[in-house]
Amino acid sequence: MVVYELKQQAQWISDYGFPILGIIFVAFIAGYIGGQIIKTVIRRAVHGRHFVRANQPLVDVKKRQDTVIGVSIVVWKLIVIFSASIAIFTTVFPEVNLVPLLASAGVLGAVIGFGAQSIIKDFISGAFIIIENQFRVGDDVEIDGAIGKVEHITLRSTVVRDDAGNVHYISNGNVFHVINKTMGYSKVYFTLSVAPETDIDELKTVIDKVGQALAKDEKWHKKIIEAPTLFNLGAFSDQALEVRISGKTQPGDQFAVTTDFKKRLLSEIKKRPDIKLSQYQDVSSLTKK
């Protein structure tokens, strides 16, 4: 009896065990090699000379590449897993005809589809988000009240982590308005409030000088596209005058550049007795991003 059972087990392993292991091995290799091919093809195919916006910065191109690669690899793995599952089922149950089962599954899927229109909407919206390059993994965005960095994108949803570390899961079908803060370039932009008797020409000279020095600094020159400068004058009264300062940076570098610029500008203003901040200027804001 024991010998008979051992023979049966050996026969099962020979008939099914080894083929199943072979299928799993081939699926694993296909998943890995397919992933590498997808990465190589997308790295070469996706560049800054197409996809709506021409001549995109390298950082933007890499974000788009990473996003498309992530979604494509997930789709490829699903195809591999489905194919391997069918192959294993056919190996274990060779007498079962899968065609009627797959046909009925298609009908069932259509029926379920009518009750899952929101999911279909999410997938379609996700596809258009990726095709239109609205935002990518690594972008700083504002979506549906969530403000932070995009950590993950699938056809179904988008994951955003805010500055407090909270993770927001947003269905792509609910994405109606997106503010992308790191598309193409970012901006240094803030308002400085000074006393109304301030010599504007001197203030402009100081601002431009600090901006040019920052742009030439070894730490920042690759991150600054246009040096911060006096952009225009805002509201004024007998108590304060608003001066708007603006510049361009590489995507995502605006916060660090703005912080260092504010510190340098505050230090330079303190050396100029003819330039005084108004009583409404929050000095602490000049040391923050």
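Two strands pair if DSSP finds at least two bridges between them. Helices (H or I, at least four residues) and strands (E, at least two) are DSSP runs, numbered from the N terminus. This is a predicted model, where local features need pLDDT of at least 70 and side-chain atom pairs count only at pLDDT 80 or more, while totals for chains, interfaces and linings use all residues. Residues are numbered from 1 along each chain as its sequence is written, and side-chain values use heavy atoms, with hydrogens and water left out.

**View 1. Strand 6 meets strand 8.** Here L192 stands opposite V243 in strand 8. Strand 6 and strand 8 (residues 241–249) are joined by nine bridges in the antiparallel sense.

**View 2. An open sheet of three strands.** The strand order is 6-8-7, and the pairing is antiparallel. Strand 6 (186–194) and strand 7 (224–236) each have a single partner strand, so one side of each is left without a neighbour in the sheet. From one strand to the next, the twist averages 20 degrees.

**View 3. Helices on the sheet.** Helix 5 (residues 200–216) lies across strand 6, strand 7 and strand 8, at about 155 degrees to strand 7. Angles run from 0 to 180 degrees between N-to-C directions, with axes fitted to C-alpha atoms, for helices over the stretch in contact. Helix 6 (residues 254–270) also packs on the sheet, touching strand 6, strand 7 and strand 8.

**View 4. A look at K39.** You will find K39 in helix 1 (residues 2–45). Leaving aside neighbours within four places in sequence, K39 is in contact (heavy atoms within 4.5 Å) with I69 and I73.
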